[in-house]
Amino acid sequence: MSEFVTLEVHTNPWDAHITRGLLESEGIPVLLQNEHQVWANWPFSLALGGVQVQVPANALTRATAILNRRNSGEYQQEVFDIPATGMRCASCGGTRFTRDVNWGQVVLALVTLYWSSVIFPPRKGPMKCADCGGRPEA
Ligand SMILES: [Zn+2]
């Protein structure tokens, strides 16, 4: 069993778990140190040195390379490159879609924010073809 070394430190467990998920999806085992102490007592995070993402020392080089790819935006581009599977525009047959702004929901969110000081985020609008503005086939 290899010794675990700290690869990255986060002040909150959510970010540490996102990094853990990425590394584990690439086959690298991960330990999160101080996670439960931070969940139980949030202000202790800085005093404990944050939530530490630890990997085996023999996987450190590979894990660092994965985080460098993440930091360069490589994974983000892969997410944007995923095609909308199974959807085609009814007008032109295109496969690229965007979302319409649902102005009624935006106005409702602003009114409720003004009226009750509570934010209800507006729902996403319907999909429309990025090429011609048509709707997807049913
Ligand atoms: Zn279209």
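These legends describe close-up views of a predicted model.

**View 1. Strand β3 pairs with β1 and with β2**. Strand β1, residues 4-10, and strand β3, residues 51-56, run antiparallel and are joined by six bridges. Strand β2, residues 31-33, is also antiparallel to β3, and three bridges link these two strands. Within the pairing of β1 with β3, V9 stands opposite Q52. On the β2 side, Q52 is the bridge partner of Q33.

**View 2. The surroundings of Q52 in strand β3**. Beyond its neighbours within four places in sequence, Q52 is in contact with T6, V9, Q33 and N34. Of these residues, V9 is opposite Q52 across the pairing with β3, and Q33 is paired with Q52 by a bridge. Is Q52 buried, exposed or partly exposed? Q52 is partly exposed, because 19 other C-beta atoms lie within 10 Å of its own, whereas a buried residue has 20 or more.

**View 3. N34 in the loop between β2 and α2**. Helix α2 covers residues 35-40, and N34 belongs to the loop that runs between β2 and this helix. The phi angle of N34 is near 70°, a positive value in a residue that is not glycine. N34 has 19 other C-beta atoms within 10 Å, so N34 is partly exposed. Among the contacts of Q52 outside its sequence neighbours is N34.

**View 4. E26 in the loop between α1 and β2**. Helix α1 covers residues 13-25, and E26 is placed in the loop between α1 and β2. E26 counts as partly exposed because it has 13 C-beta neighbours inside 10 Å, and the limit for an exposed residue is 12 or fewer. Along the chain, E26 and A63 are 37 residues apart, and their C-alpha atoms are separated by 8.7 Å.

**View 5. Helix α4 and the residue G73**. Helix α4 spans residues 60-71 and has 12 residues. From its first C-alpha to its last, α4 reaches 16 Å, close to the 16 Å expected at 1.5 Å a residue. Just after α4, G73 has a positive phi of about 90°.

**View 6. The two domains of the chain**. Domain 1 takes in residues 4-80, and domain 2 takes in residues 84-131. The centres of domain 1 and domain 2, taken over C-alpha atoms, are 33 Å apart. How far apart in space are Q52 and W115? Their C-alpha atoms are 42 Å apart, and 63 residues separate Q52 and W115 in sequence.

Note on methods: Residues are numbered from 1 along each chain as its sequence is written. This is a predicted model: local features need pLDDT of at least 70, side-chain atom pairs count only at pLDDT 80 or more; totals for chains, interfaces and linings use all residues. Two strands pair if DSSP finds at least two bridges between them. Helices (H or I, at least four residues) and strands (E, at least two) are DSSP runs, numbered from the N terminus. Domain bounds come from an automatic or database domain assignment. Two residues are in contact if their C-beta atoms, placed from the backbone, lie within 7 Å. The expected span of a helix is 1.5 Å times one less than its number of residues.
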